[in-house]
Amino acid sequence: MADRPVALVTGASSGLGERFARDLAATGHDLVVVARHRHNLERLASELAAAHSTVTEVLPADLADPRELALVATRIRDGDPVDVLVNCAGFGSYGRFQDLPVEGETGQVDVNVTALVVLSHAALSVMVPRRSGRLLNVSSTAGFVPGPGSATYSATKAFVTSFTEALHEEVARSGVHVTALCPGFTRTNFQARAGVETRALPSFAWAEAGPVVAAGLAALEHNHAVCVPGFVNKVVAVSPRLGPRSLVRRVAGLVVNRL
Ligand SMILES: NC(=O)c1ccc[n+]([C@@H]2O[C@H](COP(=O)([O-])OP(=O)(O)OC[C@H]3O[C@@H](n4cnc5c(N)ncnc54)[C@H](OP(=O)(O)O)[C@@H]3O)[C@@H](O)[C@H]2O)c1
C-alpha cells in the first residue's frame, strides 16, 4: 500500500459506504474497509482488485463494541498512513421513542456518534501533524430538524454536522480537509433497516447513492465544511431558518405522520 493513497471507509458493506469504496478505488486509492459483514467486504475487495488492482484490507468490526472500535482507531493512528477517512457507518430507527427497544436507540449513539468521534480523533491526531489528510463524516438532512419519529437518529446527525463543522474550523489552516455530507432520502438498505415506511414519498425526494457520493467527494476535495447534495435537500436544510423552532418541529411531526 506504499505508493497509492489509502482510504478507510466505515460502513463499506452496503449502500453509501460501498459506493464510497468503489469511487475511491476507481480514483486510485487503496482501501481499508470496515463493517460487520465480512463476506460483503471480502466480495467487494476481490471485485475492486480485479477492476482497479486495488489493494484492500478487510477489517470487520462492530463499531458499537468499544474493543472492536479501538482496533479500528489503532489501525488509523498506528498503522500504515490513512490519507482519507470516510465515517459512513450508521443506522436509524422509526417509531415513538418509548416504544422502540432502548438498545437500538443507544446503539445509534454508539455507532453514529461515539464511533465517529473516536475515529475522527484517531485520524486528525495523525493527519494534522502530517499537514495532510481528508476526513468526511456522513451526516444527514435529518440533523437540520428535530425528528419526531426518529428522535434519536435526528439528534445523532445534528451532533455529527455540528461536530464536523467545528473540526473543519479547528484544522482550517493545517492542510487537512474536513467535510460533513448531509444526504436526504437515498436508495440504500437504510430505510428498510430503520423500519421507515416510504411508499408515500414522491420520487423527486429520492436520490441514488452515486450522485450523493460524488457530491461528497467533490466537497471534500474543495474542503467545504458542509455538503447538502440535491435541490430538495437544500430546501430542507434552509427551511428551519425561515420560521420559529416551534413551527419547524410541528411541521416535521406532521410530515412524519403522513409517511
Ligand atoms: N440512505 C439514506 O436515506 C441516508 C440519508 C441520510 C444519511 N444517511 C447516512 O448514510 C450512512 C450510510 O447509510 P446507508 O444509507 O448506506 O445505509 P445502509 O445501506 O444500511 O449501510 C449502513 C452501513 O453501516 C454499517 N453499520 C451499521 N451498524 C454498524 C456497526 N454496529 N458496526 C459497523 N458498521 C455498521 C453497515 O454495515 P454492517 O451491517 O455490515 O455492519 C452498512 O455498511 C449512515 O450514516 C446514514 O445515517 C443515509
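How many bridges join strand 4 to strand 5? In this predicted model, the number is four, and the two strands run parallel.

The pair belongs to a wider arrangement. Seven strands form an open sheet with parallel pairing. The strand order is 3-2-1-4-5-6-7. Strand 3 and strand 7 are the edge strands, each pairing on one side only. Nine helices accompany the seven strands in the chain.

Strand 4 (residues 84–87) is also joined to strand 1 (residues 6–10). Three bridges make this link, and the strands again run parallel. Within the register, Val 9 stands opposite Val 86 of strand 4. On the link to strand 5, Asn 87 stands opposite Asn 137.

Strand 5 covers residues 133–138, and six of its six residues are buried, so the strand is largely enclosed by the rest of the structure. In a regular strand, side chains alternate between the two faces of the sheet. Gly 133, Leu 135 and Asn 137 point one way from strand 5. Arg 134, Leu 136 and Val 138 point the other way. Both sets are buried.

The overall dimensions were computed next. For a compact globule of 259 residues, a radius of gyration near 18 Å is expected; the chain has 18 Å, which agrees. The C-alpha trace spans about 55 × 40 × 35 Å along its principal axes. Buried residues account for 42% of the 259 residues. Among contacts between residues at least 6 apart in sequence, 68% join residues at least 24 apart.

In soluble globular proteins, nonpolar side chains tend to be buried together. Here the largest nonpolar core has 58 residues. The residues with the most contacts inside this core are Leu 8, Val 9, Ala 21, Val 33, Val 34, Leu 85 and Ala 123. Helix 4 (residues 102–130) gives the most to the core, with eight residues. Val 34 illustrates the contacts beyond its neighbours within four places in sequence. Its partners are Leu 8, Val 9, Thr 10, Ala 12, Leu 59, Ala 61 and Val 72.

The ligand is surrounded by 26 residues. Gly 11, Gly 15, Arg 36, Gly 90 and Thr 188 come nearest. Two elements, helix 1 (15–26) and helix 6 (190–194), give two or more residues to this shell. Helix 1 gives the largest share, three residues. By class, the shell holds twelve nonpolar, eleven polar and three charged residues.

Two loop residues were examined for backbone geometry. Most residues other than glycine have a negative phi. Ser 53 has a positive phi, near 60 degrees. Its place is in the loop between helix 2 (38–52) and strand 3 (56–60). With 11 other C-beta atoms within 10 Å, Ser 53 falls under the limit of 12 or fewer and is therefore exposed. Asn 223 also has a positive phi, near 55 degrees. This residue lies in the loop between helix 7 (209–221) and strand 7 (226–227). Asn 223 has 15 other C-beta atoms within 10 Å, so it counts as partly exposed.

Methods:
Residues are numbered from 1 along each chain as its sequence is written. This is a predicted model: local features need pLDDT of at least 70, side-chain atom pairs count only at pLDDT 80 or more; totals for chains, interfaces and linings use all residues. The radius of gyration is taken over C-alpha atoms; the globule rule is 2.2 Å times the number of residues to the power 0.38. A residue is buried if 20 or more other C-beta atoms lie within 10 Å of its own, exposed if 12 or fewer, and partly exposed in between; C-beta atoms are placed from the backbone. Two residues are in contact if their C-beta atoms, placed from the backbone, lie within 7 Å. A residue is near a molecule or strand if its C-beta atom, placed from the backbone, lies within 6 Å of it. Ala, Val, Leu, Ile, Met, Phe, Trp, Tyr, Cys and Pro count as nonpolar, Asp, Glu, Lys and Arg as charged, and the others, Gly among them, as polar. A nonpolar core is a set of buried Ala, Val, Leu, Ile, Met, Phe, Trp, Tyr and Cys residues joined through C-beta atoms within 7 Å. Two strands pair if DSSP finds at least two bridges between them.
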